[in-house]
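User: Hi! I have a structure open here and would like to talk through its charged contacts. Could you help me read it?

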Amino acid sequence: MRNRSINQNFWYGRCLLMITLLFGTLPGCNQTASPKNDAQDKTVSAPDTPDKESLSSRPDVAVQGLLAAVQAGDAGVIWDSLPARHHVEINGIIRGFAAKMDREVWERAFKVARRIVNVLRSKPDLIFKNPDLKSLSVNVRLFSENWDEVIDLVQLLVDSDLADLDKLRAFDGKSFFNETGTRFLKQLVALSAKDPNDPFRKGFEAEVRLIVIDGSAATIGLETGGTFVMTRQAVDGESRETQMKVLLVDDTWIVEELHYGLSKLYVDGRAMVAGIPDDGIRNNRDPLIKLLETVEEDIGRIELAKTSRQVVQALALAQLRVSQLISA
């Protein structure tokens, strides 16, 4: 039970978070399913002295490559590390959502998003003077000293192909991950490196060894140099090895819990898209545009704010409006 808990903390909490962060459009999960249903029956041997070709099919090498890609900020390798059925699911969900979206609503939403980004960039002093931030588990000094880099991350997404509805309707994950995804991840890695605890270095730096392999399932061990938290100091520096299951899915090795977690996300994503009537957004264009206009009014209040309290109040109201927009 302890090893399974550690596995969840390391993989489900870090790799799933990273991959989901790159998509940005996939919803949360609350379904239940067996993580072993999708494994294929394929036998792979682990020779003592594998050649280059056999190395590419070994689970330990696949996982080591994924960790290295995250550290290097290469989102294209992350996409390639996913089995083919994941590619189909991701492309299908995003294209299906885009097909039901109204162009005017989408363009107006990104216009609002860019204005929000500009407001956040221009109000760092009032934001970081907010006393509520002191109670959060974040390194406020790190964020305040590198605020422009933080906002650049958000700016990259709002100015990306995600804002182009035609491109979203023909969404290609491989292209998105290789281009926008990699630019985003490299900037995130560079920002992380400014933290003395550097979550990317400490969270994804591990030696991987193959423990056992049996057909379409394997067990690997990861020896990490310690744990970290995204706050002010590291928890400890003790080396440890954790074990985790790896599955062969569509001729690709993937960590079992990552495969399971993403599969649950797809269930929610398909349900979300199916729940949107074909003309539901188009038929409600006017009230949705009106709601976006009220969000812009709230942004105007933030732009005029002179105190941290006024910024917090205006942000809270804008957040409420955005929640209403998403629900609508």
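User: How many salt bridges does the structure hold?
Analyst: The structure holds 20 salt bridges. Keep in mind that this is a predicted model.

User: Okay, let's take one. Which residue does Arg-85 form a salt bridge with?
Analyst: Its partner is Asp-250, and the closest N and O atoms of the two are 2.9 Å apart.

User: Where do those two lie?
Analyst: Arg-85 lies in helix H5, which covers residues 84–100, while Asp-250 is in the loop between strand E3 (240–249) and strand E4 (252–255). The pair therefore ties together parts that are 165 residues apart in sequence.

User: And how accessible is Arg-85?
Analyst: Arg-85 has a relative accessible area of 27%. Buried means under 20% and exposed means over 50%, so Arg-85 counts as partly exposed.

User: What about Glu-89, which residue does that one pair with?
Analyst: Glu-89 forms a salt bridge with Arg-270, with 2.6 Å between the closest N and O atoms. Glu-89 lies in helix H5 and Arg-270 in helix H13 (residues 256–274), so this bridge ties together parts 181 residues apart in sequence.

User: Are Glu-89 and Arg-270 buried or partly exposed?
Analyst: Glu-89 is partly exposed at 24% relative accessibility. Arg-270 is partly exposed too, at 39%.

User: Let's move on to Arg-103. What does it form a salt bridge with?
Analyst: Arg-103 bridges to Asp-166, and their closest N and O atoms are 2.9 Å apart. The pair links distant parts of the chain: Arg-103 is in helix H6 (residues 103–122) and Asp-166 in helix H10 (residues 165–169), 63 residues apart.

User: How accessible are they?
Analyst: Arg-103 has 34% relative accessibility and counts as partly exposed. Asp-166, with a relative accessible area of 45%, is partly exposed as well.

User: Which residues are linked in a network of salt bridges?
Analyst: Arg-108, Arg-115, Glu-293, Glu-296 and Glu-303 are linked that way.

User: New topic: where is Gln-155 found, and is it buried or exposed?
Analyst: Gln-155 sits in helix H9, residues 147–158. Its relative accessible area is 17%. The cut-off for buried is under 20%, so Gln-155 is buried.

User: What does its side chain make a polar contact with?
Analyst: The side chain of Gln-155 makes a polar contact with the side chain of Asp-159, at 2.9 Å.

User: And which residues does Gln-155 touch, leaving out those up to four places away in sequence?
Analyst: With those set aside, Gln-155 touches Val-117, Asn-118 and Arg-121.

Key:
Residues numbered from 1 in each chain as written. Predicted model: local features only at pLDDT ≥ 70, side-chain atom pairs only at ≥ 80, totals over all residues. Heavy atoms only, no water. Salt bridge = Lys/Arg side-chain N within 4 Å of Asp/Glu carboxyl O. Helix = DSSP H or I, 4+ residues; strand = E, 2+ residues; numbered from the N terminus. Buried < 20%, exposed > 50% of the residue type's maximum accessible area, 1.4 Å probe, protein only. Polar contact = N/O pair within 3.5 Å; in protein donor to acceptor, adjacent residues only side chain to side chain. Contact = heavy atoms within 4.5 Å.
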